[in-house]
Amino acid sequence: MSWGRKEVDRRSKTIMPEIHDKCASDEDVDGYTCYVRGANLAGFQKVTDATLAYGLV
């Protein structure tokens, strides 16, 4: 799949805020958002949801 510059910009404006919201949904640590922790938790949640959806657990 190949996108032009305008399409990349358009999609980024939708995708990036969603990523931020998922990563920042975890509680702040010492008043700062830990994006690494938030991203790990969001990724783990995706795997958990897929595992449950396929009935593996």
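## Report on a two-helix protein model

The protein exposes about 5,200 Å² of surface, and carbon and sulfur atoms supply 58% of this area. The structure is a predicted model. Of the 57 residues, 4% count as buried.

**Overall form**

The fold contains two helices and zero strands. Helix H1 covers residues 5–24, and helix H2 covers residues 35–53. The radius of gyration of the protein is 15 Å, whereas a compact globule of 57 residues would have a value near 10 Å. Along the principal axes, the C-alpha atoms fill a box of roughly 40 × 40 × 15 Å.

The following table collects values for the whole protein.

| Property | Value |
|---|---|
| Radius of gyration | 15 Å |
| Box filled by the C-alpha atoms | roughly 40 × 40 × 15 Å |
| Distance between mean positions of positive and negative charges | 13 Å |

**Charges**

The protein carries 8 positive and 9 negative charges. The mean positions of these two groups lie 13 Å apart.

**The largest pocket**

Rolling a probe the size of a water molecule over the atoms reveals where empty space remains. In this model, the largest pocket has a volume of about 170 Å³. Its lining consists of Ile 15, Glu 18, Ile 19, Lys 22, Cys 23, Ala 39, Ala 42 and Lys 46. Helices H1 and H2 each supply at least two residues of this lining. Helix H1 gives the most, with five residues.

**A residue of helix H2**

Gly 43 lies in helix H2. This glycine counts as partly exposed because its relative accessibility is 32%, and the partly exposed class lies between the limits of 20% and 50%. Gly 43 and Glu 7 are 36 residues apart along the chain, and their C-alpha atoms are separated by 25 Å.

Methods
Residues are numbered from 1 along each chain as its sequence is written. This is a predicted model: local features need pLDDT of at least 70, side-chain atom pairs count only at pLDDT 80 or more; totals for chains, interfaces and linings use all residues. Side-chain values use heavy atoms; hydrogens and water are left out. Helices (H or I, at least four residues) and strands (E, at least two) are DSSP runs, numbered from the N terminus. The radius of gyration is taken over C-alpha atoms; the globule rule is 2.2 Å times the number of residues to the power 0.38. Buried means under 20% relative accessible area, exposed over 50%, partly exposed in between (1.4 Å probe, protein chains only). Accessible areas come from the Shrake-Rupley method with a 1.4 Å probe; for residues, only the protein chains shown count as cover. Lys and Arg count as positive and Asp and Glu as negative; His and the chain ends are not counted. The place of a charge is taken as NZ of Lys, CZ of Arg, CG of Asp or CD of Glu. On a 1 Å grid over the protein atoms alone, a cavity is a set of points where a 1.4 Å probe fits but cannot get out, and a pocket is an open set with protein on both sides within 12 Å along at least five of seven lines; lining residues have an atom within 4 Å of a point. Grid points are joined across faces, edges and corners, and a volume is the space filled by probe spheres set on the points.
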